Amino acid sequence: MNLSQLNEKCLDCRACGLCEGRTNLVFGTGNENAKIMFVGEGPGEQEDLQGLPFVGRSGQLLDKLLAAVDLSRDENVYIANIVKCRPPKNRDPLPEEQDECIKWLRDQFKIIRPKIVVCLGRIAAQRLISPDFRVTRQHGEFTEKGGVLFMGTYHPSALLRYPENKEAAFADFLALRDKIEELGLK
């Protein structure tokens with residue numbers, strides 16, 4: 001199975017109530033052969049309207065951070081979310097919604113087989129790295145799980161609300177660049 005086929009299957013998902021309010025499924029975007037994967041919590045309004053992850057203001061900031069370390073959603077990364085449908089009023093996805101939707105992300109992992117996964121924000125980091133992960137204390141740290149390196153960093157929308165954290169987030173992206181070079185993933 002490839003990502004396009006998985007996306008088609010995901011379109012039929014009715015496992016939780018989030019599907020009722022969606023305009024578009026927000027499955028993921030990027031290079032299917034990427035070694036680096038970014039995972040957020042869930043789509044916002046612009047993402048729901050366009051059917052692509054991280055396309056609003058936070059996506060523009062993410063693209064700038066990616067470009068600063070020679071990464072691009074069009075060339076060498078894949079971007080997805082824990083949940084594929086927008087939670088009402090951009091609230092955090094509920095644990096039961098995450099539980100229903102995580103299977104799609106697992107299947108994306110199996111197809112893409114990333115070497116590094118960057119969790120954007122608390123929800124993704126707590127789900128994929130550790131339930132007690134604290135972004136403010138542990139951002140930029142790499143953790144190995146099942147042969148894959150995971151790193152948590154600030155969510156781009158949090159950086160828009162708290163610009164004083166942009167410097168720390170940029171340092172995380174520099175650490176990511178260094179790790180990519182160290183592992184020869186370019």
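**Exercise 1. Place strand E2 in its sheet and name its neighbours.**

Solution.

Step 1. Four bridges connect E2 with strand E4 (residues 116-120), and the two strands run parallel. The model is a predicted one. Within this pairing, Ile36 has Ile116 of E4 as its bridge partner.

Step 2. Turn to the other neighbour. E2 also pairs with strand E3 (residues 77-81), in the parallel sense and over five bridges. Phe38 has Ile79 of E3 as its bridge partner, and Gly40 stands opposite Asn81 in E3.

Step 3. Put both pairings into the whole sheet. The sheet is open and has six strands, in the order E1-E3-E2-E4-E6-E5, with mixed pairing. Strand E1 (29-30) and strand E5 (142-145) are at the edges with a single partner strand each, so one side of each has no neighbour in the sheet.

**Exercise 2. Decide whether the residues of E2 are buried or exposed, and state which way they point.**

Solution.

Step 1. Sort by direction. Ile36, Phe38 and Gly40 point one way from E2, while Met37 and Val39 point the other way.

Step 2. Check the cover. The residues of both groups are all buried; for E2 as an element, that is five of its five residues.

Step 3. Take one residue as an example. Buried means under 20% relative accessible area. Phe38 has a relative accessible area of 0%, so Phe38 is buried.

**Exercise 3. Find the aromatic pairs and classify each one.**

Solution.

Step 1. Choose the quantities. A pair of aromatic rings is described by the distance of the centres and the angle of the planes.

Step 2. Search the whole structure. Two aromatic pairs are found.

Step 3. Classify the pair of Phe38 and Phe173. The ring centres of Phe38 and Phe173 are 5.9 Å apart and the planes are at 15°. Planes under 30 degrees apart count as stacked, so the pair of Phe38 and Phe173 is stacked.

Step 4. Locate the two rings. Phe38 is in strand E2 (residues 36-40) and Phe173 in helix H8 (residues 166-183); they are 135 residues apart, and the pair links distant parts of the chain. Phe173 has a relative accessible area of 1% and is buried.

Step 5. Classify the pair of Phe109 and Phe150. The ring centres of Phe109 and Phe150 are 6.5 Å apart with the planes at 40°, so this pair is tilted. This pair also links distant parts of the chain: Phe109 belongs to helix H4 (residues 95-112) and Phe150 to strand E6 (residues 148-153), 41 residues apart. Phe150 is buried, at a relative accessible area of 7%.

**Exercise 4. Identify lysines that lie over the face of a phenylalanine ring.**

Solution.

Step 1. State the distance limit. NZ of Lys must be within 6 Å of the ring centre.

Step 2. List the cases. Lys84 lies over the face of Phe27, 5.7 Å from the ring centre. Lys179 lies over the face of Phe142, at 5.2 Å from the ring centre.

**Exercise 5. Describe the two largest pockets by volume and lining.**

Solution.

Step 1. Start with the largest pocket, whose volume is about 740 Å³. Its lining has 32 residues, and Glu41, His155, Ser157, Ala158 and Arg161 are the closest to the centre.

Step 2. Assign the lining to elements. Helices that give two or more residues to the lining of the largest pocket include H2 (45-50), H3 (57-68) and H7 (156-161). H7 provides the largest share, four residues.

Step 3. Divide the lining of the largest pocket by residue class: ten nonpolar, 13 polar and nine charged.

Step 4. Repeat for the second largest pocket, with a volume of about 190 Å³. Phe109 and Phe150 are among its lining residues, as are Arg113, Pro114 and Lys145. The lining of the second largest pocket divides into five nonpolar, one polar and two charged residues.

**Exercise 6. Characterise the largest cavity.**

Solution.

Step 1. Give the volume of the largest cavity: about 90 Å³.

Step 2. Name the lining. Of the 14 residues that line the largest cavity, Cys13, Cys16, Lys84, Cys85 and Cys101 lie nearest its centre. H4 supplies the largest share of this lining, three residues.

Step 3. Divide the lining of the largest cavity by class: eleven nonpolar, no polar and three charged residues.

Note on methods: Residues are numbered from 1 along each chain as its sequence is written. This is a predicted model: local features need pLDDT of at least 70, side-chain atom pairs count only at pLDDT 80 or more; totals for chains, interfaces and linings use all residues. Side-chain values use heavy atoms; hydrogens and water are left out. Rings of Phe, Tyr and Trp (its six-membered ring) pair if their centres lie within 6.5 Å; planes under 30 degrees apart count as stacked, over 60 as edge-to-face and the rest as tilted. Buried means under 20% relative accessible area, exposed over 50%, partly exposed in between (1.4 Å probe, protein chains only). A charge sits over a ring if NZ of Lys or CZ of Arg is within 6 Å of the ring centre and within 35 degrees of the ring normal. Two strands pair if DSSP finds at least two bridges between them. On a 1 Å grid over the protein atoms alone, a cavity is a set of points where a 1.4 Å probe fits but cannot get out, and a pocket is an open set with protein on both sides within 12 Å along at least five of seven lines; lining residues have an atom within 4 Å of a point. Grid points are joined across faces, edges and corners, and a volume is the space filled by probe spheres set on the points. Ala, Val, Leu, Ile, Met, Phe, Trp, Tyr, Cys and Pro count as nonpolar, Asp, Glu, Lys and Arg as charged, and the others, Gly among them, as polar.
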